Amino acid sequence: MSGYSAGGGHSFARRGLLALALLSSTAVAAFAQSVTVVGNKRVETETIRSFVTLAPGESYTAARIDQAIKDLFATGLFSDVRVSRSGSGVVVRVVENNQVNRVSFQGNSKIKTEALVGEVQTRSRGAFSQSIIDQDVARIREIYQRSGRAGARVEALVSPSGDGRSDVVFKIDEGSKTGVERIVFQGNNAFSAWKLKGVMQTTESNFMSFLKSSDIYDANRVAADLEAIRRLYLKNGYADFRIVSSNAELNPDGKGYTLTIAMDEGARYTVSSVEVDSRVRDVDVARLRSQVRTGVGDVYSAEEVEKSVDNIAREVSKSGYAFAQIRPKGDRDPVNKTLRIVYSVEEGPRVYVERIVVRGNTRTRDYVVRREFDIGEGDAYNKAIIDRAERRLRNLGFFKTVRITNEPGSAPDRVVVNVDVEDQATGSFSVSGGYSTTEGFLAEVSVQETNFGGRGQYARVAVSNGQKSRGAELSFTEPFFMDQRIAAGFDIFTKFSDSTDYARYRSRNTGFTLRAGVPITEEFSIGTRYSLYSQRISIPNSGTRMYNNCAVGASAIDPCIADGEASVALKEAAGTTVTSLVGMTFAYNTLDNNKDPTKGIYAELKPEVAGVGGDSRFVRAVASARYYHPLTDDFIGMLKIQGGHMAALGGNKLRVLDHFYMGPDLVRGFAPSGIGPRDRNGDAGANALGGTTYFGGTAEVTFPIFGIPRELGLRGAVFADAGTLFGYRGKKWIDLNKNGVQDCPAGAAVTECLSVRDESKLRSSIGAGLLWASPLGPIRFDYAYALTRVKGATTGGDRTQAFRFSGGASF
């Protein structure tokens, strides 16, 4: 028993010593972490202690104390920090920075205060830091430089307000606008400086600078300009082109920049051979070769190579090889200046898209970005498809910047696709005015949004009022109807037109159109539409416009004829009719720029059928095609052909206003409705009847007006037009008296019978024009001389009009 007691006693003693040791170590740790804070007034003591307190296992080494000092300084709250040992603890002595009481800006008018507040780091009720204030001064100067005011001066004024607080005032002298006075190119032989400036967004300062901001030097914009120049050369055969340097120097007087761009063009290559080398099994190489856009003998074009890669990638994916990679290779022959292109098709690594992450979009919905990808999460990763999505996103016009990058996913065969975008304004409110020879002066107020609600939808409301027309329109388009690449929408409209200067009636059209379109390829699309509208025709018969006051049998010398009597066909058309029409549009587009094309083809065919209800019964088809080709760097040639034909359905006669009416849109030099069949009874000069067949062609060359800055948008044009309209297929007897008897006395100027003059003679003209893409809107002035026409304006001949003007402005 005593042995056990002794053993138990020793065990108890050991447990007591262990508890004492644990208690001692805890006290030592607590003492070791004793932190005394001295000098703080506004910053909480515990906040300062949190930077110095040791973690378990740490001790106050020199490195640990040095790190604590750095961390406290990094807060920006202190101008001085000292940490010293005191026994086993430390003493932290701090001197707090002054606090910023208020931040304000003086002298700024070109850049709003709200914009500057978001750029500076100094904040009201924040810590005062001279270094941060100095950084803010530099940042404000940079903002002004980017906005074209390199001479702007900025200084920070600090005023103590007591109790350790100071007011900070950024005093700004904005100075005058500093633009790009000259753009100089070095090493350019293939393209003139005029041509190169035309692809740049940056422009030179001139007397129109008060209307634009594109002449302000902006490094980001210049970088985009250099890329545009590079792409111009690469798509025109210069495969070795490179930008040697780009330098913007402030002129000695400090009033403007000189931007110098040096380049090495290299040789211009043509394609000597094109091959498709496929190492993917079970893929028909002939099918892949049919997707290639580059041909032997063609001038090398990087743009066509990109399209070929896209086409081949799409074709290979159809065969089930989603991982295939297409790599174009170019073997140069510098002696003969030819390029052998090989499209190598290989099975790439099997990598899948783990996630598509959209970042930076503050307004545009995620799904608007995601739907531009032809692949989704979990699908096979394909670089060509990713590149295509990036181009689509850029072309939407919703974003300032678009950047797609990849990062590794959760497994070696997974990749995360990051899409970084920056939203930009897509809505516009405009008040516009203009004048045309057909509609007189016209004013319009419109509100437009191309990214409605961030959903990628297009919406527009417009109201117009003018001398000869007024109306309203509401349009809406959903580009991805039912989550498919189908652009569906509607238009609701009403428009009043006074056509009495060229015809003897007024009209109001009110209705709507439902439409849908789908792209079949990058160039070819198909659209369908349904329109239902009412047309109300009235013939003025009061005041100076007595167009319906002659009785049947009136002679040519009757005073009512001198007033301008309307055709009996128009008198029958007076009233309201309803047209229900279905149609399609087949469009082919290879233009390099839809707004200002210099190369490519645009063609469309529009068949339509009216008679699905309503009063009109006809079938018609119209077609047109335009071909653009650069004759030199600056001279652009354009050829256009157009035509149309229509016929009544069910053996009926066509209504007079269902016919085609042509004038300067077919052959310039002729008045609106100035070409085609006419009724010689009544006012033969104004009583156009329209026709069922028309065709025509145009040859035009546009060119710059030398000596005038290109950015002014002035261009000249010379043209030749030819065309004809014929084939009136309406009624030739109108029973106005409702007695079933043709009352058509011989020699009378007004009868129930039409006296139709219908000749298919080819009309032609030549002329010159002035085009101005003004900052306020497009303006065009044409002068044309009719070479051939149907003579006899008072006996049913054509009506000419040498001058034609159209223009508008938005503000």
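## A mixed sheet and two cores

Modeller: Three strands (DSSP E runs of at least two residues, numbered from the N terminus) make an open sheet, ordered E13-E15-E14, with mixed pairing. It's a predicted model, so to speak: local features need pLDDT of at least 70, side-chain atom pairs count only at pLDDT 80 or more, and totals for chains, interfaces and linings use all residues. Residues are numbered from 1 along each chain as its sequence is written, and side-chain values use heavy atoms, leaving out hydrogens and water.

Biologist: Why do E13 and E14 stand at the edges?

Modeller: Strand E13 (352-359) and strand E14 (399-408) each have a single partner strand, so one side of each has no neighbour in the sheet.

Biologist: What makes E14 and E15 a pair?

Modeller: Two strands pair if DSSP finds at least two bridges between them. E14 and E15 (residues 414-423) have 9 bridges, in the antiparallel sense, so they pass that definition. One of the bridge partners is Val 417 in E15, matched with Asn 406.

Biologist: What makes the 24 residues a nonpolar core?

Modeller: The term means buried (under 20% relative accessible area, 1.4 Å probe, protein chains only) Ala, Val, Leu, Ile, Met, Phe, Trp, Tyr and Cys residues joined through side-chain atoms within 4.5 Å. The largest such set has 24 residues, and Leu 288, Ile 312 and Tyr 343 are among those with the most contacts inside it. Helix H9 (302-318) is one of the elements giving two or more residues; H9 gives the most, with 6.

Biologist: Which residues are in the other core?

Modeller: That core, lying apart, has 21 residues, including Val 369, Ile 375, Ile 385 and Phe 398.

Note on methods. Helices (H or I, at least four residues) and strands (E, at least two) are DSSP runs, numbered from the N terminus. Buried means under 20% relative accessible area, exposed over 50%, partly exposed in between (1.4 Å probe, protein chains only).
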